[in-house]
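User: I have a chain open here and want to talk it through. Can you take my questions as they come?

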Amino acid sequence: MTPDDTTAGILAFFHGERENCARLAAVTPLDALAARATRRSGVEEHPTLAWVLFHLAQSFARHAGHVDVGRELFDGFTGK
């Protein structure tokens with residue numbers, strides 16, 4: 001992001017990327033391997049689409065939780 005980016009522009013980019021991911025996931029088998037290798041535990045490997053999607057969901061959940069904590073610290077509302 002840059003100082004010139006707007007909330008609307010950032011959201012439009014995010015929604016476009018989400019749609020691209022949904023289209024790709026709809027036509028790609030979950031056991032398909034990524035074209036690019038990653039290095040985990042010293043071993044180079046190509047993760048499956050299922051692995052990538054699972055970790056994407058974990059990341060979203062983790063960061064949504066971080067946002068909740070920040071909001072709770074700001075306004076004291078805990079959702080009860």
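Analyst: What follows is a short run through the fold, the surface and a few side-chain pairs.

User: Where do these coordinates come from, experiment or prediction?

Analyst: This is a predicted model.

User: How many helices and strands are there?

Analyst: The chain has 2 helices and 2 strands. In sequence order they give the pattern α-β-β-α.

User: And is the chain spread out or compact?

Analyst: Spread out: the radius of gyration is 17 Å, well over the 12 Å that the globule rule gives for 80 residues, so the chain is more spread out than a compact globule. Along the principal axes, the C-alpha atoms fill a box of roughly 45 × 30 × 25 Å.

User: What share of the residues is buried?

Analyst: Of the 80 residues, 2% count as buried. The chain exposes about 6800 Å², and carbon and sulfur atoms supply 64% of that area.

User: What about contacts, how many join residues at least 24 apart?

Analyst: The figure is 10%, taken among contacts between residues at least 6 apart in sequence.

User: Which residues make the nonpolar surface patch?

Analyst: F14, L30, L53, L56 and F60 make it, and the patch covers about 440 Å². Helix 2, residues 49-75, contributes the largest share, with 3 residues.

User: Take L56. Where does it sit, and how exposed is it?

Analyst: L56 lies in helix 2. The residue is partly exposed, because its relative accessible area is 36%, and the partly exposed class runs between 20% and 50%.

User: How many aromatic pairs are there?

Analyst: The count is 1 aromatic pair. The rings belong to F14 and F60, with centres 5.8 Å apart.

User: Stacked or edge-to-face?

Analyst: The planes of F14 and F60 stand at 75°, so the pair is edge-to-face; the cut-off for that label is over 60 degrees.

User: Which parts of the chain does the pair link?

Analyst: Distant ones: F14 is in helix 1 (residues 7-27) and F60 is in helix 2, 46 residues apart.

User: Are those two rings buried or partly exposed?

Analyst: F14 is partly exposed, with a relative accessible area of 36%. F60 is also partly exposed, at 47%.

User: Switching to charges. How many salt bridges does a search of the whole structure find?

Analyst: The search finds 1 salt bridge. The side chains of E44 and R39 meet in it, at 3.7 Å from N to O.

User: Why are E44 and R39 classed as exposed?

Analyst: The class needs a relative accessible area over 50%. E44 is exposed because its relative accessible area is 54%, and R39 is exposed because its value is 58%.

User: Last topic, A35. Where is it?

Analyst: A35 lies in the loop between helix 1 and strand 1, the latter being residues 38-40. The residue is exposed, with a relative accessible area of 76%.

User: How far apart are A35 and F77?

Analyst: From C-alpha to C-alpha, A35 and F77 are 44 Å apart in space. Along the sequence, 42 residues separate A35 and F77.

Note on methods
Residues numbered from 1 in each chain as written. Predicted model: local features only at pLDDT ≥ 70, side-chain atom pairs only at ≥ 80, totals over all residues. Heavy atoms only, no water. Patch = residues over 30% accessible without salt bridge, like charges linked within 9 Å, V, L, I, M, F, W, Y side chains within 5 Å. Areas by Shrake-Rupley, 256 points an atom, 1.4 Å probe, with all protein chains shown as cover. Salt bridge = Lys/Arg side-chain N within 4 Å of Asp/Glu carboxyl O. Helix = DSSP H or I, 4+ residues; strand = E, 2+ residues; numbered from the N terminus. Buried < 20%, exposed > 50% of the residue type's maximum accessible area, 1.4 Å probe, protein only. Phe/Tyr/Trp six-rings, centres within 6.5 Å; stacked < 30°, edge-to-face > 60°. Rg over C-alpha atoms; globule rule 2.2 N^0.38 Å. Contact = heavy atoms within 4.5 Å.
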